Amino acid sequence: MPGDAEAVTRSGHGRRAYPGLRGPWYPRPMKLAKHGFMVAALASLLGCGSKAKGPEGPGSGSGSAVEAPPATQDVTMDLDVVKLQGVTFRVEAFGRPPNMMLVGEKNNKQSIDKLRAAYAKATGPAKESAAQVLATKLYTQSRKESDEAKKKAALDDSRAVLAEARTAAAGKAEDTTLRMMGALALVAGDCNGLADAFGELVQRFPATPTANSERAWLGFCQLRTNKNAEALATVTGVTPDAADPELAYVTAWAKLRAGDGAGAVAGITAAAKGWKADGSRAQVARDLLVILARGGAPADQAVAAISEFFAGKPPVATLFNLHNAYAFTGRWADAIAVLEAIITTQPEQITKNDLPKFRGLEAQYAMRSLDADKAAGFLEQSVAAYQACGDKCTEAELNDGYGNVKNNAVFVHVLYQTSLDERFYAPAKRIYALYQGLPNRPDAAEVTRNVTQLEQVKTNSKPGTGTHDKSIISPLIARHAEEVKGCYEAVLAGDGALSGALGLTIEVDAAGKVTGATSTPPGGKEGLAKVAACATDAARSWVLPMRGTKGTTRITAKYELSPAPTK
């Protein structure tokens, strides 16, 4: 909730489900000197209350329309490099090692030395059985040791005995031996060892009662060691089923890392539905949010899955984190839909000082899609909620919230003045009027001057004028950084060391529509080329203001991609 309301699922390294909560990324304040504006641009849209200075007065020239450019004018702009650090999420819902069959543990009074001697003398099939009994005794001894060095030595000895027996069996080791080897490997923290033993176990004994569990653990360790192709092969042919939640969980992550969003959503939904281990429900809840958002589930489906996981009573904080998960992938409409679900279904759970902040966030996301009319409506709801807040809202919260209204008004004003896109005139006027209706605002005179200048622009504007200006286009493109980061993180999940430079060049027509997108490197199926393919697809849906002057705007955005430091 805000201050949790600036929360997002971005930390995937720690053991807690959501160890750090923060708000979405925004660009720095922007100065539009040539148009006489000092605007806090998109950074202000979160409602942080920073002051946005409007037009400086008729004498400055800022109230007049931009000078008419030639009838046709192409515009080219290179934007500054944006550094993006991608986060990968650790697969961690599996806690305890799989149950290990202990052979000969009960009533076994023989010493380790006698069992070792019996193992040395045994031959044929009896030797493997003797190895299982000795390994059990050594493992039991390791659990009793308080000295860590002795504990490790006994565990290593147990593993070595089984490894020797497996080698002697020449590809025909018993399933019990393989099962014990895998479980002991995990006790020792050796996921590669488990994968080696369980790989053979799953291949040779696919129909045992514990086969699905062993397949799940095999896939889990393959994922933990970034053997993503092997993990995907392990779950090939699996239909996610709530009756086998661990296998469904592994399937979800293997599919997500392979870029199969629908398969990942199906897997995590089945896993959440059938999950029984209370000790790891927090991790499953985290992964449910992450995979639903990154896998492409629509908001209503995601909310339903989370509600079912929490037996029909999803915590507001969890749903809020779902909204943040959508925001971090640039899915603004879904982020709004989740906030609306919270507001409409659990109004009693939202505090009076949180509701107006929710509405402010909705306005911010609407502006990400340049839907200024919708943003104005959310801002009106935000102001109404602040006015109903009473003493539950502090003076600082009111100033932040009302400052957000002014910042939006100035920003939409700037969009209109630079582009002369008529879609922004009425919303700018509407949001200014909303702010002017607030009592005792110290900058009321300034806002009145802004409104006057907005009307001067409207009156003095000429058909065929208005352009795309770098100082306003730059932050508009910067707002899509989360979408580019989402593309990067989707590939980073399967290649944790991936880094490098990405360039996007888009062509935009006078209607503000992206008509072409290319990348450096060119789009492809692996590595940075795969990131580029995803990013260019995303860029084709971006929206910019219309411009009155005919022509093409060519914009090159540059990104420096690197993995975030492991926490």
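Gln346 sits in the loop that links helix H13 (332-345) to helix H14 (355-368). In this predicted model, is the residue buried or exposed? Its relative accessibility comes out at 13%, so Gln346 counts as buried, the cut-off being under 20%. Leaving aside residues up to four places away in sequence, Gln346 touches Pro314, Val316, Leu319 and Ala341.

Turning to the chain as a whole, the mean pLDDT is 86, with 86% of the residues at 70 or more. Confidence bottoms out in strand S1 (residues 30-32), where the mean is 31, and peaks in helix H17 (residues 425-436) at 98. Two stretches fall below 50 in pLDDT: residues 1-52, which make 171 contacts in the model beyond near neighbours in sequence, and residues 54-66, which make 39 contacts counted that way. Where pLDDT is low, the predicted coordinates should not be read in detail.

The largest nonpolar core takes in 153 residues, and Tyr249, Ile477, Trp542 and Tyr559 have the most contacts inside it. Helix H16 (residues 395-419) supplies the largest share of this core, at nine residues. As for Tyr559, its partners (again not counting residues up to four places away in sequence) include Val81, Val82 and Leu84. Tyr559 also touches Ile477 and Trp542, along with Val484, Gly500, Ala501, Leu502 and Leu504. Another core, of 10 residues, lies apart from the largest one; among its members are Ile112, Leu115, Tyr119 and Ala130.

Helix H3 (residues 148-168) is worth a quick geometry check. With 21 residues at 1.5 Å each, H3 should span 30 Å, and its end C-alpha atoms are indeed 30 Å apart, so the two values agree. Which residues of H3 are buried? They are Ala154, Leu155, Ser158, Val161, Leu162, Ala165 and Arg166. Viewed down the axis of H3, these buried residues fall within an arc of 140°, so they line one face of the helix. The general background is simple: an α-helix has 3.6 residues a turn, so residues three or four places apart point the same way. The buried residues of H3 pack against four other helices, namely H1 (112-121), H2 (125-144), H4 (175-187) and H5 (191-204). On the other side of H3, the exposed residues are Glu148, Ala149, Lys152, Thr167 and Ala168.

The two ends of H3 have details of their own. At its start, a side-chain oxygen of Asp147 comes to within 3.0 Å of the backbone nitrogen of Ala149. After H3 comes Ala170, with a positive phi near 50°.

Conventions
Residues are numbered from 1 along each chain as its sequence is written. This is a predicted model: local features need pLDDT of at least 70, side-chain atom pairs count only at pLDDT 80 or more; totals for chains, interfaces and linings use all residues. Side-chain values use heavy atoms; hydrogens and water are left out. The expected span of a helix is 1.5 Å times one less than its number of residues. Buried means under 20% relative accessible area, exposed over 50%, partly exposed in between (1.4 Å probe, protein chains only). The arc is that of the directions from the helix axis to the C-beta atoms. Contact means heavy atoms within 4.5 Å. A polar contact is a pair of N or O atoms within 3.5 Å; within protein, one must be able to donate a hydrogen and the other to accept it, and residues adjacent in sequence count only if both atoms are side-chain atoms. pLDDT is the predictor's confidence in each residue, from 0 to 100. A nonpolar core is a set of buried Ala, Val, Leu, Ile, Met, Phe, Trp, Tyr and Cys residues joined through side-chain atoms within 4.5 Å.
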